[in-house]
Amino acid sequence: MFLLTALGMGGWAVWEQRRGAELQEKLVSVSQERDVLRMTANKKLALGSKTEVKSDGPEGLGPDHAKALEEESKGKEKPGAAEADANPMSAMDKMMKDPAMREMMKSQMRSQVDFMYRDLFDLLGLDAGKQEKLTKLLVDRAGAGMDLGFSMMGGEKISDEERKKKTEAMAAATAESDKALKELLGDDYAKYDSFEKSQPERQQLNTLNGLLKDKGIALSEEAESKLMDTMFQERTNFKYDVDLSDQKTFDPEKLTTQNLTRFQEQQAVLRGQILSKVEPILTPDQLEVFRKSQEQQAAMEKMGMEMAQKMMGGKKPE
């Protein structure tokens, strides 16, 4: 779920940047045309109302002229504007309906998979042909998940029946992908499965390593291995009331405000447990950086959860 969100926001940023560049090229000519139209309109208004038009607006207008000018300057509210404001993700929804945007994101999927699974490729040591097949399966898996995920970005506009069908489709696609991966990898599937389940810790360690290296207090290989194992064991052994981090059992119906609040409370408890367990592994300086990294992770997680609720249409309590 969070991977989809990250890809979506990343793609959105690229799309907006591209649109911004195109609009910037037109800005000068549009501004000049606007000034000409404004001068023409002011002259017509002055002649019709017999008033002097100054830089800060016309003076001496009658009630009808003044009202018409006020409405023109403010602009009439477009139909559906209030509805669009009610759904902050409507802009992203429109973006994902753009075929060019979808193709661009899919073209970037290969590089994303190569980056995320490069350590797994090294671990498995597959021949070139088998690794290419594995990469294709992972790219297809990510692409299908992205398509299904963004198809659910209708918020409360999606009916319960439609949301259920899409959730079942996502589960079926995941099961089919797992089957293909097992057939390809055989006994090595266990290594893939372990790697996949530890992705949250790997992502956190990548961020942490960058912060520590910047301060000249990088982790040793032994400390990194112990830290990885400790974080993974604490998370997998933790008992959630509702686990919203499990992508294989993801259900938009679980994205209620109550569940999100409870999950974040339990995540805070888990982070506290992890912090106490990793203290003997890290130096005091490393521990302080780790603590701050965990705080940043909590803030990003909260934002991601709230965004997912808006995108996927999680229900709020009455």
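The legends below accompany several close-up views of a predicted model.

Residues are numbered from 1 along each chain as its sequence is written. Because the model is predicted, local features need pLDDT of at least 70 and side-chain atom pairs count only at pLDDT 80 or more, while totals for chains, interfaces and linings use all residues; side-chain values use heavy atoms, with hydrogens and water left out.

**View 1. The whole chain, with its 13 helices and 2 strands.** Helices (H or I, at least four residues) and strands (E, at least two) are DSSP runs, numbered from the N terminus. The chain has 318 residues, and 35% of them count as buried. Here buried means under 20% relative accessible area, exposed means over 50%, and partly exposed is in between, with a 1.4 Å probe and protein chains only. About 20000 Å² of the chain is exposed, and carbon and sulfur atoms supply 53% of that area; accessible areas come from the Shrake-Rupley method with a 1.4 Å probe, and for residues only the protein chains shown count as cover. Among contacts with a separation of 6 or more, 71% join residues 24 or more positions apart, where contact means heavy atoms within 4.5 Å.

**View 2. Thr-174 in helix α8, shown with Gly-145.** Helix α8 covers residues 160–185. Thr-174 has 23% relative accessibility, so this residue counts as partly exposed. Gly-145 is 29 residues away in sequence, and the two C-alpha atoms are 8.1 Å apart in space.

**View 3. Helix α10 and its buried residues.** This helix takes in residues 199–214, 16 in number, and reaches 23 Å from its first C-alpha to its last. That is close to the 22 Å expected at 1.5 Å a residue, the expected span being 1.5 Å times one less than the number of residues. The buried residues of α10 include Leu-205, Leu-208 and Leu-212, along with Glu-201. An α-helix has 3.6 residues a turn, so residues three or four places apart point the same way. After α10 comes Gly-216, with a positive phi near 75 degrees.

**View 4. Asn-209 and its partners.** Asn-209 is found in helix α10 and is buried, with a relative accessible area of 13%. Neighbours within four places in sequence aside, Asn-209 is in contact with Leu-219 and Glu-224. With Glu-224 there is a side-chain to side-chain polar contact at 3.4 Å. A polar contact is a pair of N or O atoms within 3.5 Å; within protein, one must be able to donate a hydrogen and the other to accept it, and residues adjacent in sequence count only if both atoms are side-chain atoms.

**View 5. Salt bridges that involve helix α12.** A search of the whole structure finds 15 salt bridges, each a side-chain nitrogen of Lys or Arg within 4 Å of a carboxyl oxygen of Asp or Glu. Glu-234 forms one with Lys-277, with the closest N and O atoms 2.9 Å apart. This pair links distant parts of the chain, with Glu-234 in helix α11 (residues 221–237) and Lys-277 in helix α12 (residues 257–278), 43 residues apart. Glu-234 counts as buried at 16% relative accessibility, whereas Lys-277 counts as partly exposed at 46%. Within α12, Glu-265 and Arg-262 are 3 residues apart, about one turn of the helix, and their side chains meet in a salt bridge (3.4 Å, N to O). Glu-301 and Arg-271 form another, at 3.7 Å from N to O. That pair also links distant parts, Glu-301 being in helix α13 (residues 284–312) and Arg-271 in α12, 30 residues apart. Both Glu-301 and Arg-271 are buried.

**View 6. A salt-bridge network of Arg-110, Asp-114 and Glu-132.** These residues are linked to one another through a network of salt bridges. Side chains of opposite charge can pair when their charged atoms come close.

**View 7. The aromatic cluster of Phe-238, Tyr-240 and Phe-263.** The structure holds 4 aromatic pairs. The rings of Phe-238 and Tyr-240 have centres 4.9 Å apart and planes at 65 degrees, so this pair is edge-to-face. Rings of Phe, Tyr and Trp (its six-membered ring) pair if their centres lie within 6.5 Å, with planes under 30 degrees apart counted as stacked, over 60 as edge-to-face and the rest as tilted. Phe-238 and Tyr-240 are both buried. Tyr-240 and Phe-263 make a stacked pair, 5.3 Å centre to centre with 25 degrees between the planes. Tyr-240 lies in the loop between α11 and α12 and Phe-263 in helix α12, so the pair ties together parts 23 residues apart in sequence. Phe-263 is buried, as is Tyr-240.
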